[in-house]
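Let's go through this one by asking how each label is earned. Have a look at the structure first, then follow the questions.

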Amino acid sequence: MEEKHIAEIISIDGLEILAEPKEKATIQVGTLLKTTKINNLIFLVLDDLYINMIPGGSHESYGIPEEKLQEEYPHVNDYLRYLIKIYPLAEFDKEHYFPFTKSPVMNALLYEVKFEETKKIFDNIFVMLELARIDSNRFPKRNKAIIGLLKNYLSEFDKDERSERLKELILELSTAFRKDYASLMEIVRGVKG
Amino acid sequence: MEKELSNYIGYITSGSFGEGLTFKLNTYVNPENIRIGDFVVVEGKNMDYLCVVDDIRLKVTTDEVFFDPPVDEDVDDGIEKLAVSSFVYNEISIFPYLSLPKDPNSYGTTVKTLPTHFSKVRSVKSTDFRRIIPEKNAFYIGTPLTSKEKLYIDLEKLSMRNSGLFGITGSGKSFFARIIFAGLIKNKISTLLIFDMHNEHGRSIRSESGKIDSLASLFSESVKIFDVSKSSKDANTYIEIAYEDVEPEDVVLVSDILQFSPKSEETLEIVSRRRKDWLKFLLDEYPNVKDKKEVSDELAVNLESLDALSRHLQKLKNLKFLKETSSRDSIKSIIENLKNGISVVVQFSGDYKDDRLTYYFVSNIITRRIFNEFSNLTEDTQKNRVVIAIEEAHKFLSKQYQANNVFGRIAREMRKFNVTLFIIDQRPSEIDPEVLSQIGTRLVMELKDENDINAVFQGASHTKRLVKILSTLEQKQALVFGYAVPLPLPINVRSYDEEFIDEMKEVKTTKSVKDDIY
Ligand SMILES: Nc1ncnc2c1ncn2[C@@H]1O[C@H](COP(=O)(O)OP(=O)(O)O)[C@@H](O)[C@H]1O
Ligand SMILES: [Mg+2]
């Protein structure tokens with residue numbers, strides 16, 4: 001049975017890649033998504049945001065958090081678009097995962113990445129280096145995304161295996177973030193907590 | 001892969017001839033397993049380098065670590081500590097003392113080059129240590145501080161110059177000395193004259209595991225015991241000393257124990273110049289003289305001073321072995337034994353046990369006779385090398401006495417007559433620096449006093465780094481450096497036990513044929 005996509009790429013500007021979730025479904029920061037058609041890329045969700053489609057429109061004027069807007073003022077649905085910011089983390093050639101080389105394409109459909117595949121992705125040490133390479137000035141929620149990603153991943157293991165895996169991950173993180181002590185500690189504390 | 005790598009503990013990051021080398025310790029090696037004084041080998045391209053650990057430094061790549069340090073292991077099972085493992089590392093300073101050519105059959109040479117960046121550092125193997133000293137001269141004295149390979153000394157070289165064995169009481173000097181003595185006798189390298197102050201080198205010795213054999217039992221053919229006390233059951237010969245063997249300098253040496261008054265020394269000098277039989281006169285005759293004033297006038301000395309001198313000297317009357325005339329010349333007998341290659345242990349038993357007066361007095365008298373005898377020999381006639389071992393050496397070799405004392409003269413001149421000193425002392429700072437700088441091989445055990453520590457390095461190189469090693473030594477450990485070893489060796493002194501004794505008693509049949517030629 002053909003799997004259903006959960007989002008679609010709608011804007012590409014260098015590494016600023018935006019996708020729109022299907023039916024405004026919330027997709028959490030730190031989720032992995034993949035494309036499977038023209039090229040096989042794995043993405044990490046780095047942020048989610050609302051775009052106002054009215055030129056010059058400013059939904060900030062309502063003075064309440066974006067998540068509450070739809071509840072209190074349902075009409076905003078007509079002109080607010082819920083989007084996610086995604087970042088290419090790896091590429092897949094049916095056998096191996098490796099740092100991405102191909103560019104994503106517009107309107108590519110994005111699919112969920114299952115745990116079995118996540119495990120395979122994490123077997124590659126370059127993934128940690130790629131995570132550390134994401135510019136946190138451009139993507140301020142990077143660390144939060146990494147914490148989410150690792151926590152989700154670890155939560156799938158049973159208790160004993162989880163602490164083993166945690167230690168391995170921490171060592172890999174330590175190497176990858178050897179130039180950024182503050183981020184490392186933020187992530188480690190987020191993940192272990 | 002793990003197994004292959006585990007021999008390597010890091011790689012070279014910097015270095016210079018003056019400061020030595022620095023290597024980064026591999027992350028998986030716990031720095032607590034490395035101590036100052038350990039040996040490591042650096043594998044260079046053309047050469048390996050045998051090095052000793054000088055210092056260990058804990059380093060961080062960023063100060064941020066200090067502002068937000070990881071929590072303790074017991075809080076989070078070590079997760080945060082694991083995380084900072086890329087930000088902390090350990091740097092080890094080592095000093096290369098010996099180059100080991102890549103040919104495993106050749107011996108080490110002095111260091112003239114440095115290894116390249118990233119040369120690998122590994123722990124030492126016993127085969128590395130066998131390349132320090134040529135096998136035929138190598139005598140096993142101990143193991144490295146934290147491992148079990150054998151370390152050797154060149155006894156031939158040791159006996160060619162003066163040696164010093166220093167350490168506080170209880171550090172293990174006497175046991176270490178006995179190991180060296182046994183090696184010298186067993187390998188027929190030199191004949192020993194041991195002034196055995198505490199009766200430890202004769203027939204047997206009390207150790208942690210009960211009574212065990214000492215030198216005269218190990219080598220019954222080539223070691224004889226001479227004792228000043230007739231109560232000794234171990235002695236081969238009892239020592240008698242005739243008045244005529246005694247010189248004023250022997251008395252002056254113990255003047256503090258005899259409680260000389262300020263004028264006594266001067267009076268002694270005058271009396272001994274005027275009267276050949278000065279000792280008999282002062283000990284036996286003068287106390288019975290009726291008209292003491294007349295005698296003192298005759299000698300041109302002050303009456304009270306003469307009175308006092310004679311009175312102070314009466315302590316010597318307690319020495320039963322001191323005779324007006326001696327029926328047999330036991331000192332001559334000691335000299336004959338030494339000339340024939342028989343080692344002599346001079347013991348002080350019975351009433352003389354641990355008696356300093358007797359020890360200094362007798363050692364000085366015997367040694368002077370030997371000095372006079374041997375300095376009349378030409379280099380060809382004196383074949384046996386003789387090593388004279390003394391404890392409490394600072395007494396003889398202090399600034400005050402050494403210039404005129406016979407031990408001082410031997411320390412300075414006797415190499416050409418094949419006589420050298422083996423000095424054992426717990427207060428090296430009281431030995432004249434001039435004598436200290438004449439010491440070729442130094443065996444230094446635990447020392448606490450700063451002056452003593454500085455003294456043992458008198459005239460030595462690498463002082464600064466060796467001081468650090470010395471300060472970490474404990475009982476039964478020693479830092480051996482100087483002429484008899486091509487690099488400083490921090491060691492656990494091997495045990496003087498049944499195993500050692502069996503090894504010494506074992507007859508080497510192949511070697512003895514050759515040795516008999518001598
Ligand atoms: N190499 C050794 N083998 C066996 N026991 C030793 C050794 N060195 C020291 N000891 C033990 O330590 C004690 C003190 O050593 P000793 O040589 O008498 O010290 P020192 O002469 O420096 O006062 C000895 O009585 C002995 O029990
Ligand atoms: Mg002793």
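Q: What makes the pair formed by an oxygen atom of ligand 1 and a polar backbone atom of Gly170(B) a polar contact?
A: Keep in mind that this is a predicted model. The two atoms sit 2.6 Å apart, and the cut-off for N or O atoms is 3.5 Å, so the pair counts as a polar contact.

Q: How do you know that Phe175(B) and Tyr496(B) make polar contacts with ligand 1 too?
A: Same check again. A backbone N or O atom of Phe175(B) is 3.0 Å from an oxygen atom of the ligand, and a polar backbone atom of Tyr496(B) is 2.9 Å from a ligand nitrogen. Pairs of N or O atoms count within 3.5 Å, so both qualify. As for cover, ligand 1 on its own exposes 550 Å², and the protein buries 83% of that.

Q: Which residues come nearest to ligand 1, and what is the shell around the ligand made of?
A: There are 16 residues around it, and the nearest are Gly170(B), Lys173(B), Ser174(B), Arg494(B) and Tyr496(B). By class, the shell splits into 4 nonpolar, 7 polar and 5 charged residues. Helix 7 of chain B (residues 173–186) gives the largest share, with 3 residues.

Q: Why is the pair Asp68(B) and Arg189(A) called a salt bridge?
A: The side chains come to 2.9 Å, N to O. The limit is 4 Å between a side-chain nitrogen of Lys or Arg and a carboxyl oxygen of Asp or Glu, so this pair passes. Across the interface of chain B and chain A, the rule finds 5 salt bridges.

Q: How much area do chain B and chain A bury between them, and which residues take part?
A: About 1,400 Å² is buried, 61% of it on carbon and sulfur atoms. Chain B gives 17 residues to the contact and chain A gives 16. The two chains also share 9 residue pairs in polar contact. On the side of chain B, helix 2 (64–67) and helix 4 (79–83) each give two or more residues, and helix 4 has the largest share, 4 residues.

Q: What makes Glu156(B) and Arg385(B) a salt bridge, and which parts does the pair tie together?
A: Their closest N and O atoms are 3.4 Å apart, and the cut-off is 4 Å, so the label fits. Glu156(B) lies in helix 6 of chain B, while Arg385(B) is in the loop between helix 15 and strand 18, so the pair ties together parts 229 residues apart in sequence.

Note on methods:
Residues are numbered from 1 along each chain as its sequence is written. Chains are lettered from A and ligands numbered from 1 in the order in which they are written. This is a predicted model: local features need pLDDT of at least 70, side-chain atom pairs count only at pLDDT 80 or more; totals for chains, interfaces and linings use all residues. Side-chain values use heavy atoms; hydrogens and water are left out. A residue is near a molecule or strand if one of its heavy atoms lies within 4 Å of it. A polar contact is a pair of N or O atoms within 3.5 Å; within protein, one must be able to donate a hydrogen and the other to accept it, and residues adjacent in sequence count only if both atoms are side-chain atoms. Accessible areas come from the Shrake-Rupley method with a 1.4 Å probe; for residues, only the protein chains shown count as cover. Ala, Val, Leu, Ile, Met, Phe, Trp, Tyr, Cys and Pro count as nonpolar, Asp, Glu, Lys and Arg as charged, and the others, Gly among them, as polar. Contact means heavy atoms within 4.5 Å. Buried area is the accessible area (1.4 Å probe) that two parts lose on being put together, summed over both.
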